[in-house]
Amino acid sequence: MNSFLGRPRPTAAVLLVLAVATTATACGSGSGGSGTKAADSGTYTVWDPYPQFTKGSAWTDLLDKCGTAAGVKVKRTAFDTSDLANKTLLAAQQGNSPDVLVVDNPVVSTLAEAGVLTTTEENKLDTSKVDPNLLAAGQSGGKTYGTPIGANTLALYYNKKVLEGAGVDIASVKDWPTLTAALAKVKKAGKKGITFSAIGTEEGSFQFLPWFWGAGAQLTRLDSAQGQSALSLWKDWLKAGYAPNSVLNNTQTTSWQEFATGDYAFAENGTWQLANARKAGFAYGVLPIPGASGGNAPAPTGGEFVTLPAQKDTARYTTSQKLAGCLTSTQNLYATDTTLSYVAPTTEVQDKQVAAEAELKPWVAAVRTAKGRTSDDLGTKYPKISEQLWKAVQSALSGSKSPKDALTEAQSAAK
Amino acid sequence: MSTSRSQLTIRTTQAPPPRTESRGAAPQPRRRPASPLWAAWAFLAPVTLYLGLFYAYPLYRNLDLSLRDYTVRSFVQGDAPFTGLANYRKILDDPTFAPALLHTAVFTAVCLVFQYAIGLALAVFFHQNFRLSATLRALFLVPWLLPLIVSASTWSWMLNSESGVVNTLLGALGVGPVNWLTSPSWSLTSVIIANIWIGVPFNLVVLHSGLQSIPAGLYEAAALDGAGAWQRFWRITFPLLRPVSAITLLLGLVYTLKVFDIIWIMTKGGPADSSTTFATWSYRLGFGNLLPAFGPGAAVGNLLVVAALVFGLIYVRVQRKQALS
């Protein structure tokens with residue numbers, strides 16, 4: 001052993017040290033990041049939450065086309081939507097923000113609060129044609145931080161055959177009592193009533209909001225009598241067996257899978273399931289979610305915003321604005337929203353969508369009455385309220401607390 | 001997961017030295033020709049650098065994160081004020097703290113006991129080399145080899161209240177449906193069952209290899225002396241397996257303390273926090289909400305690190321004592 005280590009050791013050691021040193025410096029210059037970007041001013045980065053669109057899809061083709069029109073090369077990265085907010089915060093911390101960021105609407109106010117996004121005053125994005133109720137989700141403190149690329153929302157899908165078998169006329173479903181009566185008939189006929197998602201994440205709050213708002217409750221006061229009536233409605237459905245116990249663990253996808261079995265009369269789900277609905281193999285219809293005593297309940301808006309993160313080199317905004325403007329131009333919105341199965345954010349394109357596909361009519365109606373979760377100037381207060389809201393829904397539905405106690409506790413925790 | 005696993009393997013291989021030292025053999029005289037000190041440092045450099053970059057620095061950052069008041073704004077701008085132990089006070093006052101502590105303790109203890117007991121029973125069973133024993137043993141490894149997302153999703157399907165196979169079976173036996181994942185009184189039990197199933201193969205493998213090192217002659221001698229199977233187990237197998245058992249339990253403890261994936265996939269820590277442990281709570285604080293609370297999230301994570309460290313130190317202590325005696 002000693003003889004082996006005798007001579008070659010210093011040489012080996014020197015080599016090792018050199019190797020380590022070079023790797024270390026390589027890492028050091030690599031993580032700088034912004035340096036590489038500045039050097040390559042002809043390349044603009046775009047981040048989006050659409051990993052389902054791979055190279056060669058309509059979306060990436062559109063990105064390339066818009067890049068060519070603006071005279072730059074577009075480098076696109078797709079993230080899982082739940083990952084995108086944290087990745088953006090990290091990138092901003094490192095001075096590495098993308099030039100264009102397409103991001104889920106409730107996250108916009110958080111990113112704005114963090115100082116990551118530019119306002120439309122700074123970046124000159126045109127939002128004049130956008131429906132104000134949709135644009136509100138991207139507004140915070142009187143400023144606008146982007147423009148929606150498309151919107152989706154929730155409505156009730158129903159299975160025509162199940163309703164027919166139970167003797168329910170869908171036209172009779174106008175408010176909560178008539179809906180509950182329909183569910184009772186369906187159960188009597190041996191089928192299952194309604195499925196939705198009440199999971200302990202943002203998805204759960206998203207699905208509960210149409211009922212919460214439909215009762216006339218406000219997010220600023222969770223424990224109002226109206227809020228309690230909405231939670232009691234869900235709770236009573238579970239107790240009576242109109243809704244399965246599994247809703248507590250359902251994501252919107254698993255809830256859809258339950259509906260797709262063909263056993264359920266109703267499912268609360270989104271615009272994005274339309275393509276799957278056609279594949280389900282049974283006749284279905286779509287009904288806007290009814291308010292407690294009639295009318296359409298405001299449903300929360302889903303869908304993404306095109307935003308321009310702040311850059312050190314403010315000269316980049318002109319080109320970024322061109323890219324964002326191209327992505328949200330009337331012609332491109334129509335194409336993009338069709339591939340995403342979204343409702344367009346402008347009346348002009350919405351009318352074009354309905355003309356091409358009558359099936360979208362109830363969805364456009366739902367989107368027009370929809371409401372942003374961070375609207376009403378809630379902004380970054382919304383995430384805290386929402387967490388308490390989904391917790392209250394879980395506590396009440398699982399039977400660990402009464403709807404009243406659950407919401408009272410939620411209200412005091414959300415303050 | 002894999003990093004901490006390899007880190008721990010390093011620890012296991014390092015564990016023996018104190019024993020050999022104490023077994024006599026005075027410190028070896030330095031027979032090597034005097035070599036320059038810098039060469040020694042150069043050899044140390046890679047591992048020091050590695051430990052510094054990938055262990056010490058992240059740990060320091062996590063500590064720093066837990067001692068500052070981070071908002072999304074200060075996270076980006078990097079000017080979070082130092083607030084001392086405010087984040088720790090915050091999580092101690094949080095109504096989630098007590099239940100999360102209790103769930104972590106129950107989850108870890110129950111999982112460890114069952115994983116070890118079942119693993120040991122299977123190890124002893126497979127130690128008698130019967131036909132197909134190797135094949136069967138390989139089959140038992142499947143839970144360990146499956147990605148956690150697969151096994152956890154499968155468990156959550158099986159335990160589904162309406163359409164799960166478990167409730168269908170119970171129904172056939174005349175037992176009413178159990179809301180495994182959606183009732184606050186069952187959710188912790190459900191994730192414990194799934195985690196035991198996942199942890200058994202690890203215990204089986206380690207304990208089985210521990211059994212191989214017990215000389216067969218001992219059993220023969222005991223059998224000649226008239227010891228029954230039960231006595232052979234308690235008088236030979238169990239005591240001689242003690243060092244292996246200790247390390248198995250310690251590793252199991254560390255893995256179980258930080259189990260996150262299974263709980264998150266099956267119940268998200270719910271309903272109503274009924275299956276929330278420190279690991280899922282830490283994640284939820286840091287990432288599970290649209291508005292991340294990095295400081296408190298890091299604080300909960302650090303509590304977990306401290307807990308694992310305490311048990312690690314106890315293990316080292318016990319080892320040293322055993323070696324000395």
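I began with one residue: Trp47(A) stands opposite Leu101(A) in β3(A). Strands here are DSSP runs (E, at least two residues), and helices are runs of H or I of at least four, numbered from the N terminus.

I noted the ground rules. Residues are numbered from 1 along each chain as written, with chains lettered from A and ligands numbered from 1 in written order. The model is predicted, and local features need pLDDT of at least 70, side-chain atom pairs count only at pLDDT 80 or more, while totals for chains, interfaces and linings use all residues.

Next I looked up pairing, which takes at least two DSSP bridges between two strands. β1(A) and β3(A) pair in the parallel sense over two bridges. β1, residues 43–48 of chain A, also pairs with β2(A), again parallel, over six bridges. Two of the partners I wrote down: Thr45(A) has Lys75(A), and Asp48(A) has Ala78(A).

Then I asked: what packs on the sheet, touching β1 and β2 of chain A? Helix α4 (residues 58–70) of chain A does, and its direction makes about 150 degrees with that of β2(A). I took contact as C-beta atoms, placed from the backbone, within 7 Å. Angles run from 0 to 180 degrees between N-to-C directions of axes fitted to C-alpha atoms, for helices over the stretch in contact.

I traced the whole sheet last. It is open, has five strands in the order β2-β1-β3-β11-β6 (chain A), and its pairing is mixed. β2 (73–78) and β6 (147–148) of chain A are at the edges with a single partner strand each, so one side of each has no neighbour in the sheet.

Key: Contact = placed C-beta atoms within 7 Å.
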